[in-house]
Amino acid sequence: MAAAIDGVLPGTLQELVKKSKVLVVGAGGIGCEVLKNLVLSGFNDIQIIDLDTIDLSNLNRQFLFHREHVGKSKARVARETALSFNPDAKITAYHDSVTSSDYGVSFFQKFDVILSALDNRAARNHVNRMCLNADVPLIESGTSGYNGQVELIKRGLTQCYECTPKEKQRSFPGCTIRNTPSEPIHCIVWAKHLFNQLFGESLDDEDISPDAADPDAQSVPQEFDAGAGGDGEAKISKEKTPTEEGTNNGNVVRINTRQWAKDCDYDAAKLFNKFFDEDINYLLKMSNLWTSRKAPVPVSWDTLVPEGTTDIQPEFARQHHKVWTVEECAHVFANTLKELSASFLKLKADETLVWDKDDQPAMDFVAACANVRSYIFDIERKSRFEIKSMAGNIIPAIATTNAITAGISVMRAFNVLEAKWEQCKAVYARLRPNGRGQFLVPDASLAEPNPSCYVCSLDPAITLRIDTKRVHIKELRDDVLIKTLNMLHPDVVLVGSNSILISSEEGETTDNDDKLLSEMNVVDGAILNCDDFHQNYSLSVIISHFDAERDDSLFEVSADSKQLQPKEEEQKKPDDETDKGKEARKRSANGADVAADDGPSTSKRSRPTEIEDDDDDDCLVIEEENDEDVMVVATDNLSVESPAKSAAKRKPSVAIEDITEILDSSDEEEAGPTKCKRSKIELPDLKINQMEVINID
């Protein structure tokens, strides 16, 4: 071990490494490399925590695991393998979630440095807050394909993980998914929703039937029903249970999609015709939808699958890089429907299947359905491999990028132990060298804390612009405090009346869940005190009411109330920039000025369909159209922007296009997906023609 051999490390550092206590959060692609580096460097007291188990797909890059370990705890197997490198090391493994109440501030305070190797935003936010409260340095790292990033987070010295706004997951209106898809991803989301309608946990917003409430569509003749089946099967509605005969629905019993499919014994022909023929014909009746769009072309089962050929196991189904024909998709649809329905019928009444990109029948089903729908709407079809990447919101993880990033993380840990803070600047790994021939590009200086950050500022506060007449207390808790502001167990008190609106004690405020904010006197100008005991985090929320239109966001969160000014007020501002405004610049990677962001801001639309994060190792969401688009130039004026800081517009001089921001995603999303966002910005006159700026969380 390096620390055991005199002369390998400087004397002082050698002793610090031997005596220090280190926590590694995450035992995936980066976590395995970090643990190996720590053990070989001579760290003797290491603890590692990870809730995940080993999957077969992990073995190509997480070298501490082998085939015999599939299904076992990542943290425990990583510990066993690492001990083979140094049996004298003390390694403690926790197969648990780092957000558990068992790991509070006192747990984090035991460590000299913490190295984060996480793959989702919610856990990163939590570890960020715990390290800030415990005042323990955090080495945050992440990779996305060939790109990697390592940065230090220390209270009062650097910006925290939440100092800069993170993009929300990419989302689509429900009517786009159900009525007017125009991109492959729309069809993939629809296919995942169909899987859930038939076999999984179904949500109202995931209904795959045509949406007659689409504002772009005209009214449809009542005699034409989307659920009417050509073979006389029961009509389908959004309702979850059958309705009684004799109602206004024309004395026809209506049942939901799942029940109807069961009643049909999962007949492939009937289901295929319902989803790809009858529903499409129903959409064609919405004539307003097709005045400026190309109309879809229905396909029927009989035209694609000759009778008696559905049980054939096609060879092409194993060709994952091949784009299946629509006929081949129909065969895959029939075969996977048979497999999935058999698995589903074996479950207990209250159990469902869970879609997983690594479950072959589930993945094949989504790929086939997505491509049939793409064919109907004249959208480019994708290979199964491509659909898997898009459906799971991942890009391939690169083992060498993980290794490089982990190596930088441990080197930064050395700097932290010696308190050499100025040597702890953020570092970015790149596929190609920049203008100075650097593959590893460091920041020019440490990123200072954002004074408007609602997590690490001295008096955290936000302004919440929200429709208090439409949002309920339950939605305030789940969508605003937990999903958007990343609290775990919030307690909320209305300032002035001291009314307890939300309690972390189970059942204490359940009666408030279905009440509107306005009913609880949460109105314009009200102030809420929000606390999370587990995170040791308090936040003041200032309510700003607005009447949301049909397609408006129901709420918007800002750490600076100026961000929420009406457009009319913003237009009244003088054109001349104040001296203070000129000084409020965000620092780019080499110290160049970019217009400052006023602080975190996020919003939620009324009924989006979100692409959820997949907890694959260390993969942040990115869609790169061309490897040539990765940053290839860095000059004294601009190189790589600080993590998650989005570039804002300045006075035009030279327009530069195709700025790429790499952002992570949430595992909820519920959270939502991390992704890549391309936009056009304008920068001061630079003596270069084009460049790329890449942000990685």
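A disulfide is counted when two cysteine sulfur atoms lie within 2.5 Å. Keep that cut-off for the cysteine stop below. The model on screen is predicted.

**Whole chain**

Start with everything selected. The chain has 697 residues, of which 54% count as buried. Its secondary structure comes to 17 helices and 23 strands. The accessible surface is about 31000 Å², and 46% of that area belongs to carbon and sulfur atoms.

**Cysteines**

Select the cysteines next. How many disulfides does the structure hold? It holds zero. Cysteine 160 is in no disulfide, and the nearest cysteine sulfur, that of cysteine 453, is 3.7 Å away. Cysteine 160 is buried, at a relative accessible area of 3%.

Move to cysteine 369. Why is there no bond between cysteine 369 and cysteine 329? The closest cysteine sulfur to that of cysteine 369 is in cysteine 329, and because the two are 8.7 Å apart, they are too far for a bond; the cut-off is 2.5 Å. Cysteine 369 is buried, with a relative accessible area of 0%.

**Strand E1 and its neighbours**

Select residues 21–25, which make up strand E1. Five of the five residues are buried, so E1 is largely enclosed by the rest of the structure. In a regular strand, side chains alternate between the two faces of the sheet. Here Lys21, Leu23 and Val25 point one way, while Val22 and Val24 point the other way, and all are buried.

Add strand E2, residues 45–49, to the selection; five bridges join E1 to E2, and the two run parallel. Lysine 21 has aspartate 45 as its bridge partner in E2. To follow the connection, show helix H2, residues 29–41: the chain crosses from E1 through H2 to E2, and this β-α-β crossover is right-handed.

Then add strand E4, residues 113–116, which is joined to E1 by four bridges and also runs parallel to E1. In E4, valine 113 is the bridge partner of valine 22.

**Salt bridges**

A search of the whole structure finds 18 salt bridges. Side chains of opposite charge can pair when their charged atoms come close.

Stay on helix H2 and select lysine 36 and glutamate 33, whose side chains meet in a salt bridge at 3.3 Å, N to O. Both lie in H2, three residues apart, which is about one turn of the helix. Glutamate 33 is buried, at 9% relative accessible area.

Go on to lysine 322 and glutamate 328, where the closest N and O atoms of the salt bridge are 2.8 Å apart. Is lysine 322 buried or partly exposed? Lysine 322 is partly exposed, at 28%, whereas glutamate 328 is buried, at 16%.

Lysine 357 and aspartate 358 form another salt bridge, at 3.0 Å from N to O. In this pair lysine 357 is buried, with a relative accessible area of 4%, and aspartate 358 counts as partly exposed at 30%. Now select Lys474, Arg477, Asp478 and Asp513: salt bridges that share partners join these four residues into one network.

**Surface patch**

For the last stop, switch to a surface view and select Ile404, Phe439 and Leu440. They make a nonpolar surface patch of about 270 Å². Leucine 440 belongs to strand E11, residues 440–442. Leucine 440 is partly exposed, with a relative accessible area of 42%.

Definitions and conventions: Residues are numbered from 1 along each chain as its sequence is written. This is a predicted model: local features need pLDDT of at least 70, side-chain atom pairs count only at pLDDT 80 or more; totals for chains, interfaces and linings use all residues. Side-chain values use heavy atoms; hydrogens and water are left out. Patches are made of residues with over 30% relative accessible area and no salt bridge: like charges are joined within 9 Å, nonpolar side chains (Val, Leu, Ile, Met, Phe, Trp, Tyr) within 5 Å. Accessible areas come from the Shrake-Rupley method with a 1.4 Å probe; for residues, only the protein chains shown count as cover. Buried means under 20% relative accessible area, exposed over 50%, partly exposed in between (1.4 Å probe, protein chains only). Two strands pair if DSSP finds at least two bridges between them. A crossover is right-handed if, with the strands pointing away from the viewer, the path from the first strand over the helix to the second runs clockwise.
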